Each structure stands twice: as structure tokens, then as C-alpha cells.
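Here's a quick briefing to read with the structure open beside you. Have a look at the fold first, then work through the bullets.

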Amino acid sequence: MKYVQPYGAEEGTSYVNADAAAGIEGSPVPAAAIEHPMRELMAAIEEAGLEPSSGDLTQLAQAIQALAYRQPIAHYTLDGATDIAGVFVASSGVFTPPAGARYVEITLVGGGGGGNRSADRTVTCGGAAGGAIKLRVPFAAGDTYAVAIGAGGAGVAGTVGGDGGDTQVTGPGGAWVATAGGGTGGAETNESRAGGECTCVGISPVEMYDGMASRATMEVDTNGATYWFNLGASSLFGGNLLSSPYAPGQGGIAFGTANYPGFDGGDGVVYVTVY
């Protein structure tokens, strides 16, 4: 809500009372100075689920308490394969919040890049991490969200690891699109591999982070006994694990040994909390 100054006065001007004896004219009050605060108060009361009543002058206090301690009514993990509580249809990729929802928080993470193993096993590079975005959006009855989950890049031997896929959420009617990019796969190079880039079109994110880059490790095997590996880049949800399942969006491990190819990157994911 913006401050509404007296009618005809400059922005930010204070109100003054009339004082006939001192020749001071009282400030003229524009309608917005009365209406806007009332609209703000009504919005808070209704958001808290209360029925506005002229007979209860404690409703604003009730609304503040209710909103401050509001608990989420549902959590969902959307991984593109599992039907969570019957609300995410993997085949069509459409998520519908349950009845009673007022707004949703959506966190999306791109797939991690796959690790590699160089042909001569002297250079290894883990995959880069997928980017991450957090959104908070109001919900209206009938709203649905199209979800596309980015898969983790394939780990390989002797070549370039697969790039992670983009994870994308599209708002109702295509009103906005958020894309958490997949991480780049590991390669036979001592240069860093780029993390997934994030973009939001038509919506402002609460938080947005490009994925962490990965770096190569070089080691010359001079005695036939060296086993060298490079951990994939950690994602928003952690990582650098030596065994699967990886954290969502984590880059795959790279090995400098003939025994193992690089590991696959962690799949992307979308977490939804409904309030």
C-alpha cells in the first residue's frame, strides 16, 4: 500500500488538523486515504479464511496470528516417474494443487551432467550441477502447472558425458515459464564445465541459482596403481556422494581408472509445497 497525501498536496506531505484560532485550514482527505487501508485490512482478513464482520473488531489480530502460523496443507515431490497422491500425472506432466490451496511454492532443479572417463585415464571431469529456482505463486481455482523433468546426463567412458536435461514449469495458460537448466557433462579437458543456467519469463523468482561448475582432475598413472576420480558438482540439495542415488541435479562422478565409466548425473526434480 502506498501513502496517500492530503488532496492536492505534494507526495509525502503530512496531514494537519484545522485550527481556526491560528488560521490553519485542516488537510482535505482524499477518498483513497480511507479506502486503501480498508482494502488492505480486508485482504488480510479474507486471506486468513475469516468472514469479515462489523461486530468483531479483533479480526486483524486473528488474521495476523493465523497467517504467521499457517502450515502447508501438502507437499509433493515430482520426479517425472511417480504418481504422488494421485495429483501428478506423469504422462501429461500436469500438476493440479488440491482443493483449499491459496498459493504454491515451487522449487525446480535441472538434471546434473554425466561424468566421463578419458581414453587414457589421465584426465577426468565430473558433471556440472543443474540450476535451481524457487517460486511462490498465488493459486486460483482451476489453475494447473505443466511440468517437464530434466533427466541426469549419462556417464561415459572415453568421451564427453551427457548434459543434464532442463527442468521446466509453465504457469496457468502459459502466463509464465521457469527453466532450471541442466549441468554440462564432463569432458577430457582441464577446463571447468558449466553448471545449468536458469531463466524466468513472466515471473520473478524468490531465489534463482545457476548450477555449480565442475572441474577436471589430471593424474598420470606411472606405476599402474593410481585410481583417480573427480566428484561431480554439488547441487542445491547437496551431493558429491560416492554411491547412488544422487541428490537431485548433482553432477556425475568421473573416474580415472579402466574399471569404471563416469557416473550418471542426478535427475532433476520439482518440489511443490501447497499453502
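What follows covers a central strand and its partners, the aromatic pairs, one arginine and the salt bridges. Keep in mind that this is a predicted model. Strand β4 (residues 103-109) is a good place to start, with 7 of its 7 residues buried. It pairs with β6 and with β15.

**Strand β4 and its partners**

- In a regular strand, side chains alternate between the two faces of the sheet.
- Both faces of β4 are covered: Y103, E105, T107 and V109 are buried on one side, and V104, I106 and L108 are buried on the other.
- β4 runs antiparallel to β6 (residues 132-138), with 7 bridges between them.
- β4 is also antiparallel to β15 (residues 269-274), this time through 6 bridges.
- T107 is a handy residue to click on: its bridge partner in β6 is K134, and in β15 it stands opposite Y271.
- Further along, V109 has V269 of β15 as its bridge partner.
- β15 has 5 of its 6 residues buried, so the rest of the structure largely encloses it.

**Aromatic pairs**

- The structure has 3 aromatic pairs.
- Y103 and Y275 make a stacked pair, because their ring centres are 4.9 Å apart and their planes sit at 10°.
- Since Y103 is in β4 and Y275 is in the segment after β15, this pair ties together parts that are 172 residues apart in sequence.
- Both rings are tucked away: Y103 is buried at 19% relative accessible area, and Y275 is buried at 16%.
- Y145 and W176 form a tilted pair, at 6.1 Å centre to centre and 40° between the planes.
- That pair links distant parts of the chain, with Y145 in β7 (residues 145-148) and W176 in the loop between β8 and β9, 31 residues apart.
- Y145 and W176 are both buried.

**R193, a buried arginine**

- R193 is in the loop between β9 and β10.
- What does R193 have for a salt bridge, given that it's buried? It has none, and the nearest side chain of opposite charge, D163, is 4.9 Å away. The cut-off for a salt bridge is 4 Å, so that distance doesn't qualify.
- The R193 side chain does reach the backbone oxygen of G185, at 2.6 Å.
- Beyond its neighbours within four places in sequence, R193 has contacts including C125, A128, V160, T184, A213 and S214.

**Salt bridges**

- There are 4 salt bridges by count.
- R136 and E105 meet at 2.3 Å, N to O. This pair links β6 and β4, with the two residues 31 apart in sequence.
- E105 counts as buried at 11% relative accessibility, while R136 counts as partly exposed at 47%.
- E47 and R102 form another salt bridge, at 3.8 Å. It joins helix α1 to the loop between β3 and β4, across 55 residues.
- Both ends are partly exposed, E47 at 28% relative accessibility and R102 at 32%.
- E35 bridges to R39, with the closest N and O atoms 3.2 Å apart. Both are in helix α1 (residues 31-47), 4 residues apart, or about one turn of the helix.
- E35 is partly exposed at 38%, whereas R39 counts as exposed at 56%.

Terms used. Residues are numbered from 1 along each chain as its sequence is written. This is a predicted model: local features need pLDDT of at least 70, side-chain atom pairs count only at pLDDT 80 or more; totals for chains, interfaces and linings use all residues. Side-chain values use heavy atoms; hydrogens and water are left out. Buried means under 20% relative accessible area, exposed over 50%, partly exposed in between (1.4 Å probe, protein chains only). Two strands pair if DSSP finds at least two bridges between them. Rings of Phe, Tyr and Trp (its six-membered ring) pair if their centres lie within 6.5 Å; planes under 30 degrees apart count as stacked, over 60 as edge-to-face and the rest as tilted. Lys and Arg count as positive and Asp and Glu as negative; His and the chain ends are not counted. A polar contact is a pair of N or O atoms within 3.5 Å; within protein, one must be able to donate a hydrogen and the other to accept it, and residues adjacent in sequence count only if both atoms are side-chain atoms. Contact means heavy atoms within 4.5 Å.
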